[in-house]
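Biologist: I am new to this structure and would like a close look at a single part of it, one loop and the residue that sits there. Please then connect that part to the rest of the model, step by step.

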Amino acid sequence: DVLHNIIIMNDNDIPPLENLKECVLQTSEPVAKRTHAAFYLRTINSKEAVEAICQAVSNKEDSALLRHELAYILGQMQNTAACPHLSAILCDEHDDVMVRHEAAESLGAIGDPSSTDVLKQFADHTAPEIRETCQLALDLIEWKQSQEAQGAAGAQSDLDLNPYQSVDPSPAESKDLSIEDLKERLMDESRALFSRYRAMFSLRNRGGEEAVLALAAGLKGNSALFRHEVAYVLGQVQHPAAAPALVEVLRDENENRMVRHEAAEALGAIGGADTEQVLKEFFDDKEEVVKESCEVALDTINYWKPEGASWKGLKEEGIVA
């Protein structure tokens, strides 16, 4: 989302689609550079852009991190043409769990009722990241259908409004709930994950240090999927109060790689000289996804700088004018 917002700010300089497609499909290019090209394609959001991302995400020999980002982007683009590709990834037991999780989440984000059968098929999967994501996606589709049936546009106005441009895996909660109430729901392991996610996104939407510290407490939750989503929303908020907790997650080599990946990218969104030094510590991490995430995160920090590394590289290749 941070990359997408940067690209929106520079949408007068969006490169030609063919250049972007070539960059995304070129496996020899740096993952950070290809990720930037993919987010440009998200901004274009045409039939051809969707097809390019579907082609790239289907390459199982490619970076799991990049394919995970591509699957996420397809969900954000809200185009049902992506559903067969996402379903195929979810169904492939030989594919990377992190990519399959993101494919399931994007099926929920797109919300096509025809996706419910494949999501139900994997809602009892042995891998908790896949199982929980499918359950969340089914809950989201059901919630959307109930809202449509009730004509509940007015009811949604009572929820904490999303100030970001993301399509989230759950709606927010009522704006009448206090931060203390939301934190209690967030941390209540007896609640359904969908309910806890609703509290999470309300806290994100509120922003501010109190809400951020409440969210950071969620990094100690039992579910790796839940912890990974907390790290993601902390990256959206970009509040420096979250940095110490995210650094702790990134440095924990026993933590799920998916959670460490999101912590790294969240730190890249927050930025700062201290953050840059921390990210550089993991350029040789044993987990490829973590290593690449730190590279992408540092590249995101540089993206904000005049003639930063990403802009220079993209210009040299003729992708950005």
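**A loop and its surroundings**

Modeller: Asn45 lies in the loop that links helix H3 (31–44) to helix H4 (47–57), where helices (H or I, at least four residues) and strands (E, at least two) are DSSP runs numbered from the N terminus. This is a predicted model, in which local features need pLDDT of at least 70 and side-chain atom pairs count only at pLDDT 80 or more, while totals for chains, interfaces and linings use all residues. Residues are numbered from 1 along each chain as its sequence is written, and side-chain values use heavy atoms, with hydrogens and water left out.

Although Asn45 is not a glycine, its phi is positive, at about 50°. Most residues other than glycine have a negative phi. Asn45 is partly exposed at 35% relative accessibility; buried means under 20% relative accessible area, exposed over 50%, and partly exposed in between (1.4 Å probe, protein chains only). A positive phi is also found at Gln78, a residue other than glycine, with a value near 60°. Gln78 sits in the loop between helix H5 (64–77) and H6, and with a relative accessible area of 36% it is partly exposed.

The loop that follows H6 (83–91) and leads to helix H7 (97–110) holds Asp95, which counts as buried because its relative accessibility is 9%. Its C-alpha atom is 6.9 Å from that of Lys60, a residue 35 places away along the chain. Leaving out residues up to four places away in sequence, Asp95 touches Lys60, Arg67, Ile89 and Arg100, a contact being heavy atoms within 4.5 Å.

Further along the chain, Ser202 belongs to helix H12 and is buried, with a relative accessible area of 0%. Beyond its neighbours within four places in sequence, Ser202 is in contact with Asp160, Ala172, Glu173 and Leu182. In helix H13 (residues 208–217), the buried residues include Ala211, Val212 and Leu215, and the buried residues of H13 pack against helix H11 (179–187), helix H12 (193–206), helix H14 (224–237) and helix H15 (243–251).

The protein as a whole has 19 helices and zero strands, and 58% of its 321 residues count as buried. Its largest nonpolar core (a set of buried Ala, Val, Leu, Ile, Met, Phe, Trp, Tyr and Cys residues joined through side-chain atoms within 4.5 Å) contains 103 residues, and Leu74, Leu90 and Leu246 are among those with the most contacts inside it. At least three residues of this core come from each of domain 1 (1–154) and domain 2 (158–320), with bounds taken from an automatic or database domain assignment. Not counting residues up to four places away in sequence, Leu246 touches Leu219, Ala231, Leu234, Ala263, Ala266, Leu267 and Ile270.

There are zero disulfides, a disulfide being a pair of cysteine sulfur atoms within 2.5 Å. Cys91 is in none, and the nearest cysteine sulfur, that of Cys134, is 9.1 Å away.

As for confidence, the average pLDDT (the predictor's confidence in each residue, from 0 to 100) is 91, and 89% of the residues score at least 70. The pLDDT is below 50 over residues 2–9, a stretch with 25 contacts beyond near neighbours in sequence in the model. It is also below 50 over residues 308–321, where the model has 30 such contacts.
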